[in-house]
Amino acid sequence: MRDTAQNKLIELQHNPSSIRNICIMAHVDHGKTTLADSLVASNGVISQKMVGKLRYMDSRRDEQQRGITMKSSSIALYHCKNESEYLINVIDCPGHVDFFSEVSTALRLCDGAIIIVDVVEGVCPQTQACLKQIWSENIKPILVLNKIDRLILEFKLTPLDAYIHLLKCSNKEAETKRGVGVQSGEDLYNQWSTAIEAADDSDLYVSPNQGNVVFASAADGWAFRNRLKFSVKQNLGVNVDVLKKTLWGDFYLHSKTKRIMKGAQEKAKKPIFVQMILENIWLIYDVIINQKDKERLSKIAESMNVTLFARDLRQTDTRILLQSFLSQWIPLSLSVLGMVCDKCPSPNQLTDVKIENLLCPPMKEFNLMPKETIALKTVFSKCSPDDASVPVIAFVSKMFPIKRKYLPQNKPKVLTAEEIAKRRELARIKHALKSSAIKTEDSETKCSITVNNEENKPEVIEPTQNENDVMFIAFGRMYSGTIRRGQEIYVLGPKHDPSKITDSDFYVDEKCTLATLKSDQHIMKTIITDLYMLMGRDLEPVDEVPAGNIWCG
């Protein structure tokens, strides 16, 4: 089953339009790792019951012991939306300020970013740092307002009070200087300077009306976008398209005229968002947690097409029953991954700014680069995996250490039936030799035993390297062509300046390797020995990686 899933991911790697590269960013303890667990569980890698407890993306021992993410980790996920299949590379980034460098390296590989904000704590310093980094890297943002369950269970807010709290959270988000703001009213643009107003940066804002905001509770496994599938009834008599545009905002539904009116706050009316969405969620929490009315819950589940098994209703822990219901009704993974597929650009939709930042060194003008470098801009934008006609271009974001014994090719493998039979026969012969009390000096007998022993003994190749040796693996992304095992490529160091290739004294030493690299040399040749697909805690070996994908090697 696992091989089938991996083959599907490898198949999707060859279609850049179906690939999404995103990272998850947040302040410490805003629910980033729990949300990552929910996304991993949607692919069957871990059980839904272990979400938030296993911390699957925190593979290091010190991360598990300290309970925080310290190093970025990536995993490839499969998602199907409207009969279209997608490969989503998710990078889980640290939230602690001490490891912010990991966030910068992850953003270089991504086209979109999921920003998680605790609705109780709001925008924190690390959140602002992430927002500024997103803006500088020209990354498409997606906002997840997490831990809404705290407003229900911990602060005991009514749906209307919770809506007002969310509006305040949105206003604070909008005031983040040069960050990502949530549009909350007509006075949004008054909060910005004239210079910023003149720029077309509407793609940097998030708003429920734009469909790039998710309301969620990662701990309880539910989330929803500005959708109507669980709130619109046939007898409302309201145009669905109009309702979609007014579901978030200062609008209310006039009960007599069946018309959507503006000015809910002024006229002391319930906003549509409260009436059609929040009250439904508050009702589920009240029935399960407070009333513990399982009979009523069964009727609600039937009307919502939610299947509750007998073992679910026998649960004494109401929080588990709540998670079982909500994760079926409005599952978190469908909302988040669905939004990623809709709002995040594919690798063949890179912006000009991002391409120029990748090709041009800092403090340099892209237009002053050599014509060969400028010509590569078109290659980046096409993101073509056809290695016969386009150059192979890969960007290495960082190198991370790993012990040789943890590489897939060095891990113990499952023995075949033939190998098991040989080892069993070898063990039988060894046992017979040890238990035999007869020691004869007959050389022919000894020779016969030796020959039989050697015939049944499987061939053992002694390792030439220590399995505890630490080696470094590159973590990067393909931007053009296809990289393959055994391929010879040029490596350009971080200090390489393309503008110097026009100098008369510039040359490339074809024989230069990592062992012979000098301090003034920034180009060398290397051979790709191994390639891997990073799957959280595991490295899955692959033979090639086409353009648009994240890889290790």
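## Exercises: cysteines, cores and rings

C80 counts as partly exposed (20% to 50% relative accessible area, 1.4 Å probe, protein chains only; buried is under 20%, exposed over 50%), because its relative accessibility is 41%. This is a predicted model, in which local features need pLDDT of at least 70 and side-chain atom pairs count only at pLDDT 80 or more, while totals for chains, interfaces and linings use all residues. Residues are numbered from 1 along each chain as its sequence is written, and side-chain values use heavy atoms, without hydrogens and water.

**Exercise 1.** Find how many disulfides the structure holds.

*Solution.*
- Apply the cut-off: a disulfide is a pair of cysteine sulfur atoms within 2.5 Å.
- Test C80. Its closest cysteine sulfur is in C341, 9.3 Å away, so the two are too far apart for a bond.
- Test C110. The sulfur of C23 is its nearest, at 4.1 Å, and C110 is in no disulfide.
- Result: the structure holds zero disulfides.
- Burial of C110: the residue is buried, because its relative accessible area is 0%.

**Exercise 2.** Place S18 and list its contacts beyond four places in sequence.

*Solution.*
- Helices (H or I, at least four residues) and strands (E, at least two) are DSSP runs, numbered from the N terminus.
- S18 sits in the loop between helix 1 (2-12) and strand 1 (19-26).
- S18 is buried, because its relative accessibility is 4%.
- Contact means heavy atoms within 4.5 Å. Outside its neighbours within four places, S18 touches L12, E85, Y86 and L87.

**Exercise 3.** Identify which members of the largest nonpolar core touch the most other members.

*Solution.*
- A nonpolar core joins buried Ala, Val, Leu, Ile, Met, Phe, Trp, Tyr and Cys residues through side-chain atoms within 4.5 Å.
- The core has 72 residues; M25, I91, L145, F215, F273, I281 and F325 touch the most other members.
- Helix 10 (residues 272-291) gives the largest share, 13 residues.
- A second, separate core has 48 residues, including L12 and L87.

**Exercise 4.** Classify the ring pair Y163 and F273.

*Solution.*
- Rings of Phe, Tyr and Trp (its six-membered ring) pair if their centres lie within 6.5 Å; planes under 30 degrees apart are stacked, over 60 edge-to-face, the rest tilted.
- The structure holds ten aromatic pairs.
- For Y163 and F273 the centres are 5.9 Å apart and the planes at 35 degrees, so the pair is tilted.
- Y163 is in helix 7 (residues 159-174) and F273 in helix 10, 110 residues apart.
- Both Y163 and F273 are buried.
- Y163, F215, W222, F224, W248 and F273 form one aromatic cluster.
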